[in-house]
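Thanks for coming, everyone. Please have a look at the structure on the screen, and then I'll walk you through it.

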Amino acid sequence: MAKAQTSFVCQSCAARSSKWSGRCETCGEWNTIVEEKPLAAGPSGKTLGKSRGRAVALSDLSTKEAPPPRTASKLDELDRVLGGGLVPASAVLVGGDPGIGKSTLLLQAAAAFANAGLSVVYISGEEASAQVRLRAQRLGLQDAPVKLATETNLRDILTTLDETRPDLAIVDSIQTMWADNVDSAPGSVSQVRAAAHELTTFAKRRGSAVIMVGHVTKDGQIAGPRVVEHMVDTVLYFEGERGHQFRILRSVKNRFGPADEIGVFEMTGGGLAEVSNPSALFLQERGQPAPGSVVFSGIEGTRPVLVEFQALVSPSPHSQPRRSVVGWDGSRLAMILAVLESRCGIPFAGLDVYLNVAGGMRVNEPAADLAVAAALLSAREDSGLPPETVVFGEISLSGALRPVSQTENRLKEARKLGFSTAILPSGGKAAGNGGMALSQMGDLASFVGEVFGAG
């Protein structure tokens, strides 16, 4: 039998090479390539797939078996993101920036699931038991029936979990776990992959749910190989700006519920508080309508959310004007500026452009195009939009406005918060608008001419 070849893996991007070098040719990072020994071969004479398991026809599966019941934590925002509650034998990966509140959220979730009747074990590889108890006391959770453990050796953790068989195990964090059969440092690509694989396998084999905390890189991605996100059933990102008290728990992958669902929390002195009406919270500090301020009615997962776009356009003293964006896609902003200049004759050359989504929210959907264009034009012309007006719609490169999905839900949420006028593309399903005045536009030039009298 041929001997398995040793490979070298970059700890930053997980790229493989046949020899060591000081600089990774894929990502350009220095001193990140380490040697990775091959996995041991299985017993000789056996072929993968024949020693265990067999194929079963889909039509032979019993339909009498009910799907595994979910357990609700009574934290409505967390249950919403999980798809209705925690599914047994599921593996969940939670990522977020340092200090954003991941450990606080999961300690509150551990207490909530324990109070709901589940046996919960909280395993911390970063804090001592006394430190976790101190945080639980600050959150008022010191009497919760949660078992604590502080360990980083994966073999000891799996042995303990196999003996206790908890309904839920929380591992904080996956980067601190190390397997003694993998010859590399904790936090390396090999260790993270091995730890995630073993914990996910335990969840499937024993029927226990496992929640793993993952650190993120400077690019906002969960550190380690991307295969970890493929292993688990659900991937959640905990987002938020340090200058704001709002925190967004966003689902980017969920095998048991809708993806792109969000839960909104508010960071308080007593922990994370749920926000049942995020639209009202994001707009509560909005004063009188000012030039450059536009309210956008968006959809996050299954819920409509109203947020405020703020734009500022000023003469630039530099030869290269600045384009600064917070909470939206910078390349999409460049596209909107190009369409405004090319299709509507409104130049932004020599002007600095600043765009911000108020409240620390991040908007990803293209339905915000028209709201961004309205904010830019309002700031450039120093003319505010009519009060109590919401805007949404997608802009194509030809300047046409395309209808977006769930128009009725967007209008319903805006009407509930007191908005009486909506500017949207023509052709969308706007039945049952409840008396809102709808201004439907066919293209961007019509919007500019009717609302701002320019172009």
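S173 sits in the loop between β7, residues 168–172, and α5. The peptide bond leading into this residue, from D172 to S173, is cis. Its omega is near 5°. Keep in mind that this is a predicted model. Most peptide bonds are trans, and most residues other than glycine have a negative phi.

That brings me to a second backbone spot. D382 is not a glycine, although its phi is positive, at about 55°. Where is D382? It lies in the loop between α9, residues 369–381, and β17, residues 389–391.

Back to α5, now for helix packing. Helix α5 covers residues 189–206, and helix α4 covers residues 154–164. They pack at an angle of about 10°, and their axes are 11 Å apart. An angle under 35 degrees counts as roughly parallel, so α4 is roughly parallel to α5. Who makes the contact? From α4 we have L154, L158, L161 and D162. From α5 we have A194, A195, E198, L199, F202 and R206. By class, that contact has 7 nonpolar residues, 3 charged ones and no polar ones.

Now a second helix pair. α2 packs with helix α3, residues 129–138. Here the angle is about 75°, with the axes 11 Å apart. The range from 65 to 115 degrees counts as roughly perpendicular, so that is what α2 is to α3. On the α2 side, the contact uses S103, T104 and L107. On the α3 side, it uses V132, R135, A136 and R138. The classes here are 3 nonpolar, 2 polar and 2 charged.

Stay with α2, as we move to the cavities. Rolling a probe the size of a water molecule over the atoms shows where empty space is left. How many cavities of 30 Å³ or more turn up? The count is 4. The largest cavity holds about 60 Å³ of space. Three elements give two or more residues to its lining: α1 (76–82), β4 (91–96) and α2 (102–115). Which gives the most? That is α2, with 4 residues. The lining consists of L78, L82, V92, V94, L105, L106, A109, F113, I211, L236 and L249. In class terms, that is 11 nonpolar residues, with no polar and no charged ones.

Next, the largest pocket. Its volume is about 650 Å³. It is lined by 26 residues. Which of them lie nearest the centre? Those are Y237, E239, R250, R362 and N364. The elements giving two or more residues to this lining are β9 (234–239), β10 (246–254) and β13. Polar or nonpolar? The lining of the largest pocket is mixed: 9 nonpolar, 8 polar and 9 charged residues.

One last stop, and it takes us along β13. The structure holds 4 aromatic pairs. One of them is F296 with F309. The centres are 5.9 Å apart, and the planes are at 70° to each other. Over 60 degrees counts as edge-to-face, so this pair is edge-to-face. F296 is in strand β13, residues 293–300, while F309 is in strand β14, residues 303–315. The two are 13 residues apart, and the pair links distant parts of the chain.

That's my tour. I'm happy to take questions.

Technical notes. Residues are numbered from 1 along each chain as its sequence is written. This is a predicted model: local features need pLDDT of at least 70, side-chain atom pairs count only at pLDDT 80 or more; totals for chains, interfaces and linings use all residues. Side-chain values use heavy atoms; hydrogens and water are left out. On a 1 Å grid over the protein atoms alone, a cavity is a set of points where a 1.4 Å probe fits but cannot get out, and a pocket is an open set with protein on both sides within 12 Å along at least five of seven lines; lining residues have an atom within 4 Å of a point. Grid points are joined across faces, edges and corners, and a volume is the space filled by probe spheres set on the points. Ala, Val, Leu, Ile, Met, Phe, Trp, Tyr, Cys and Pro count as nonpolar, Asp, Glu, Lys and Arg as charged, and the others, Gly among them, as polar. Axes are lines fitted to C-alpha atoms, for helices over the stretch in contact, and angles run from 0 to 180 degrees between N-to-C directions. Angles under 35 degrees count as roughly parallel, over 145 as roughly antiparallel, 65 to 115 as roughly perpendicular and the rest as oblique. Contact means heavy atoms within 4.5 Å. Rings of Phe, Tyr and Trp (its six-membered ring) pair if their centres lie within 6.5 Å; planes under 30 degrees apart count as stacked, over 60 as edge-to-face and the rest as tilted.
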